[in-house]
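Trainee: Please show me, step by step, how to read the features of a protein model. I would like to hear the general idea before each case.

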Amino acid sequence: MQNGLRAYAAVTAAYWAFMLSDGALRMLVLLRFNELGFTPIQLAYLFLLYEIAGIVTNLAAGWIAARFGLASTLYAGLSIQIAALIALAGLDPSWSIALSVVYVMVVQGASGVAKDLSKMSSKSAVKLLAPSGDDGLFKWVAWLTGSKNAIKGLGFFLGAAILGIWGFTASVITMAVVLGVILIAIIAFLPPGLPQGKKGTKFSAVMSKDSRVNQLSLARVFLFGARDVWFVVGVPIYFKTILSDGTPDGNRMAFFLVGGFMAAWIIGYGFVQGLAPQILKAKGRPQSEITQKAMHWVGYLTPLPFVLALAAMVLPPEILTPTLVIGLLLFGFIFAINSSVHSYLILAFADAERVTLDVGFYYMANAAGRLLGTLLSGLSYQAGGLPLCLATAGALALLSWLSARRLAANPALAA
């Protein structure tokens, strides 16, 4: 048990360090390239390959971990992130916009690979290290997931702060050095307890044959699409437009405020995720009952984006802006509960012998949802402004609810 706790602590520390750098990097890229004159749609393009990489990586990462061991994917994730940061420091401001976009997309794609290698390793380790009985698994995964998102939110603040203090190049180099030190420490001190891998594992095994995993993954696609369709482009652009007076100083202040709101949203979201087992009173409840929660909570979520879309159509800006803030914070609370239930269920459903494969498949679906949301965010906002963007979020939440209904009715849960 002591080795298990030490391994869990080491994996969590590595995941925290990575997510802090991931949040900071997103804010650094967003603010820096807005300063260089990138349009909102061009800014969205910078993150597309990041999401696409997640789809491919999660499928491959589950197999790599099953084949070579969980520690190998954890080390690889940190190493690739360090390389991506160093590459980003080599960006030349004299390059054309087109070349800069392609270069940063590729680097962000590498960062996306790194993130999903680290995430799959950390989440799979929880399944293997968490104590059995009561709601031990739910508590451990909720705490890991919630703390990760709170740390990523702090990364948003960190990215904005160090950009203003040190500038872009010095900031990314400093982050690379810090991650390098953490990687060396993890390699040196990670205790035994993580699986070493099986050489006979075939890549075809990544596709799950468990209908519960497949149905949960489909619900996850639409759930995260419902968040990112407003989170990536629509709401940040709206807030920037409302908060900026059009001057360079006004734009910078608006971006700092937008980044601050997004960071606060993520931190609050992570905090609620960590408390989800207590909020749901999960101790002693059977798995089938917690699965029902996945349907109920996305059902609570679905009407909210439609209400906000209607508000965006009829309310003046001075009333709409605070209404959006309140509504999106409520969205975050409900979304966090639902996301935490999903994170528990995928580990509960996964067989210990193929946990990395099932978790990789599930987070492939997660990345597909983020990609779907990112694409629809720019398209819906450009076609119909904030109302259509929010209505699209509602439609995706509705699809997640329908998928969760199928999951809750799965006969395998009665076993």
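Mentor: Let us begin with a term: a cavity is a set of grid points where a 1.4 Å probe fits but cannot get out. Its volume is the space filled by probe spheres set on those points. Please keep in mind throughout that what you see here is a predicted model.

Trainee: How many cavities of 30 Å³ or more does a search of the whole structure find?

Mentor: The general idea is that rolling a probe the size of a water molecule over the atoms shows where empty space is left. In this case, searching the whole structure turns up four cavities of 30 Å³ or more. The largest cavity holds about 320 Å³ of space, and of the 26 residues that line it, those closest to its centre are Asn-149, Lys-152, Phe-224, Arg-227 and Arg-370. The second largest cavity has a volume of about 140 Å³.

Trainee: Which helices supply residues of the lining of the largest cavity, and what kinds of residues are they?

Mentor: At least two lining residues come from each of helix 1 (2-35), helix 2 (40-68), helix 4 (97-129), helix 5 (136-166), helix 7 (211-243), helix 8 (248-279), helix 11 (317-349) and helix 12 (355-408). Helix 7 gives the largest share, six residues. By type, the lining of the largest cavity consists of nine nonpolar, six polar and 11 charged residues.

Trainee: Which residues line the second largest cavity?

Mentor: They are Arg-26, Met-27, Leu-30, Phe-47, Phe-156, Phe-231, Val-232, Pro-236, Val-258 and Met-262, and the elements giving two or more of them are helix 1, helix 7 and helix 8. This lining divides into nine nonpolar residues, no polar ones and one charged one.

Trainee: Let us step back to the whole chain. How many helices and strands does the protein have?

Mentor: It has 12 helices and zero strands. For the fold as a whole, you can also look at burial and at contacts: buried residues make up 57% of the 415 residues, while among contacts with a separation of 6 or more, 86% join residues 24 or more positions apart.

Trainee: For one helix, what should its residues span, and what is the case in helix 3?

Mentor: The rule of thumb is 1.5 Å a residue, so the 20 residues of helix 3 (residues 70-89) should span 28 Å, and this agrees with its end C-alpha atoms being 30 Å apart. Among the buried residues of helix 3 are Leu-70, Leu-74, Gly-77, Leu-78 and Leu-85. You can repeat the exercise with helix 6 (residues 168-189), where 22 residues should span 32 Å and the end C-alpha atoms are 32 Å apart, which agrees. The buried residues of helix 6 include Phe-168, Met-175, Leu-179 and Ile-186.

Trainee: Is Lys-152 buried or exposed?

Mentor: Here a cut-off is needed, since buried means under 20% relative accessible area. Lys-152, found in helix 5, has a relative accessible area of 14% and is therefore buried. Leaving out residues up to four places away in sequence, Lys-152 touches Met-19, Asp-22, Gly-23, Tyr-50 and Ile-266.

Trainee: What are the relative accessible areas of Ala-312 and Pro-317?

Mentor: Ala-312, in helix 10 (residues 303-314), has a relative accessible area of 15%, so Ala-312 is buried. Not counting neighbours within four places in sequence, Ala-312 is in contact with Leu-320, Leu-386, Pro-387 and Leu-390. The C-alpha atoms of Ala-312 and Leu-390 are separated by 8.6 Å, although these residues are 78 residues apart along the chain. Pro-317, by contrast, lies in helix 11 and is partly exposed, because its relative accessible area is 43%. With neighbours within four places set aside, Pro-317 is in contact with Tyr-238, Ile-242 and Pro-322.

Trainee: Which residues have the most contacts inside the largest nonpolar core?

Mentor: The general idea is that in soluble globular proteins, nonpolar side chains tend to be buried together. In this model the largest nonpolar core has 125 residues, and those with the most contacts inside it are Phe-33, Leu-46, Phe-138, Trp-230, Trp-265 and Leu-386. Helix 12 supplies the largest share of this core, 17 residues. Take Leu-46 as an example: leaving aside neighbours within four places in sequence, Leu-46 is in contact with Val-29, Phe-33, Phe-38, Val-101, Val-104, Met-105 and Gln-108.

Conventions:
Residues are numbered from 1 along each chain as its sequence is written. This is a predicted model: local features need pLDDT of at least 70, side-chain atom pairs count only at pLDDT 80 or more; totals for chains, interfaces and linings use all residues. Side-chain values use heavy atoms; hydrogens and water are left out. On a 1 Å grid over the protein atoms alone, a cavity is a set of points where a 1.4 Å probe fits but cannot get out, and a pocket is an open set with protein on both sides within 12 Å along at least five of seven lines; lining residues have an atom within 4 Å of a point. Helices (H or I, at least four residues) and strands (E, at least two) are DSSP runs, numbered from the N terminus. Ala, Val, Leu, Ile, Met, Phe, Trp, Tyr, Cys and Pro count as nonpolar, Asp, Glu, Lys and Arg as charged, and the others, Gly among them, as polar. The expected span of a helix is 1.5 Å times one less than its number of residues. Buried means under 20% relative accessible area, exposed over 50%, partly exposed in between (1.4 Å probe, protein chains only). Contact means heavy atoms within 4.5 Å. A nonpolar core is a set of buried Ala, Val, Leu, Ile, Met, Phe, Trp, Tyr and Cys residues joined through side-chain atoms within 4.5 Å.
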